[in-house]
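I wanted to look at how the inside of this protein is packed and where space is left over. My entries follow the model.

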Amino acid sequence: MRDSVRSSAITRFAGVITAAWLCGMASAWAGTSGSDTGLQQVLNDVCGDVGISTTSCPHMPTATQAILQMSGLTNAAPDFVRGPQGPVVANGFAALCSVSGSGGLNVCSQKNAINAVNPSAASPDLSNLTPLAFTTVKGQAVPVPFGTKGADSFFYAVATPDGEPNTLTVVFDYPSLTSSSFTKGQVVANVSLPLQVLNNDGTERPICGATGCPASLATLQITACSNGSAGCVNGLLAKVSGDFTTAGTPETRDPGSLGIQPTVSFNPSPNSSRSHFILEVQVPLLITLRNDPAYFGLTPSGAVVNSGSFTFVNQLTGLPTAFTAELKPTFGITPQAAPTCNGTCPSFPFISTFPFCASFAGNGGGPLSPAVATFVTLGTDATTYVSSPVTTANPMNVPILQCPF
């Protein structure tokens, strides 16, 4: 029975993408940051194939997020979704891009988005993980292919520990900052995190910053402090701000009270042999049967969600899910390619926000420099997919994606 369901779902997945292509969606698929209701329809059909109703399927404001969300639900890398081995080609149509640019196709990382994929791991050992690389251009963090000369910031994301993970570990590797000497009160780092709160009734709410979502999300800030003062560790103090208790009313909390563990070190890494700034942040995963049913395996669309309908197998890929028990911290990060739309996504033009942004201090003080701007999602098998669009503007050069700092 499982094989027949899987075969039918894969065929249908190829069909819905082809239908979208025939309806004139080539520009949306080739693009990276633009909103497109057609892509949402494709995502809705993928959700149906893994047992999620249309009303429960995440609504994504940008093409990068829609493709990334499909990657998580289908256990396939974003370039595979777009590329010559994907369902578009399987159904007899030309590929949208390829990793190498062979066959006259666009190179995915030049025309679409740059990605990093990591399976779950026992620990965040950077030598065994693939980062997303960035450089700073005109005051913005711009993704570049890993190995590009001039890349000066590296972002890693992995679900830990291996087996049945309960934590998303993100690592910001910033070789440009080699001095650990800071002035008291100096801001060393700002990092945004797409945190959600689990309400008593089982619903979830995004944690927003001072200007509300999606313009500002929960922010981890690290400042220099005097050793011996409350919360000061090795000369640095970490605080997280957001509307944790009451929507629209920001407050500041100690990371530990939220289950978040930030760790700063100055060490060499695979990206630089010199000792430099490395920030590791461990955040609880928030994955529930009510809000993330595909992560526990569901029969195809139309099934009633109850204890008897969970298979712990992704019905589209046949791969076992990595989760057999709910993860229900009060605050955490969900598997979705946040931030999602609340209901219908806004009409174009609009401005959306990267969920994972980071800016860091330079040597000798001065303003913070943008270092990371990206999206992250988690596959049902706990593979982590990271993706940043090559451009954050539409063809008319109107920015539609930004960081809050």
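These notes cover the nonpolar cores and then the cavities.

Entry 1, cores. I am working from a predicted model. I looked up the largest nonpolar core and found that it holds 81 residues. Leu73, Phe155, Phe172, Leu195, Phe323 and Phe360 have the most contacts inside it. Apart from this core I noted another one of 11 residues, including Ala133, Ala151, Val158 and Ile278.

Entry 2, Phe155. I picked Phe155 and listed what it touches, leaving out residues up to four places away in sequence. Its partners are Pro131, Leu132, Phe134, Val170, Val171, Phe172, Phe356, Val372, Thr374, Val376 and Val386.

Entry 3, cavities. I counted two cavities of 30 Å³ or more. The largest has a volume of about 90 Å³, and the second largest comes to about 70 Å³.

Entry 4, largest cavity. I listed its lining as Leu168, Pro194, Leu285, Ile333, Thr334, Pro335, Gln336, Ala338, Phe356, Val376, Thr377 and Leu378. Strand β17 (residues 369-378) gives the largest share of this lining, with three residues. By class I have nine nonpolar and three polar residues, and no charged ones. Phe356 and Val376, listed here, are also among the residues that Phe155 touches.

Entry 5, second largest cavity. Its lining consists of Ile52, Ser56, Pro58, Gln69, Leu73, Asn291, Asp292, Tyr295 and Gln336. I sorted these into four nonpolar, four polar and one charged residues. Gln336 is in this lining and also in that of the largest cavity. Leu73 lines the second largest cavity and is one of the residues with the most contacts inside the largest core.

Methods
Residues are numbered from 1 along each chain as its sequence is written. This is a predicted model: local features need pLDDT of at least 70, side-chain atom pairs count only at pLDDT 80 or more; totals for chains, interfaces and linings use all residues. Side-chain values use heavy atoms; hydrogens and water are left out. A nonpolar core is a set of buried Ala, Val, Leu, Ile, Met, Phe, Trp, Tyr and Cys residues joined through side-chain atoms within 4.5 Å. Buried means under 20% relative accessible area, exposed over 50%, partly exposed in between (1.4 Å probe, protein chains only). Contact means heavy atoms within 4.5 Å. On a 1 Å grid over the protein atoms alone, a cavity is a set of points where a 1.4 Å probe fits but cannot get out, and a pocket is an open set with protein on both sides within 12 Å along at least five of seven lines; lining residues have an atom within 4 Å of a point. Grid points are joined across faces, edges and corners, and a volume is the space filled by probe spheres set on the points. Helices (H or I, at least four residues) and strands (E, at least two) are DSSP runs, numbered from the N terminus. Ala, Val, Leu, Ile, Met, Phe, Trp, Tyr, Cys and Pro count as nonpolar, Asp, Glu, Lys and Arg as charged, and the others, Gly among them, as polar.
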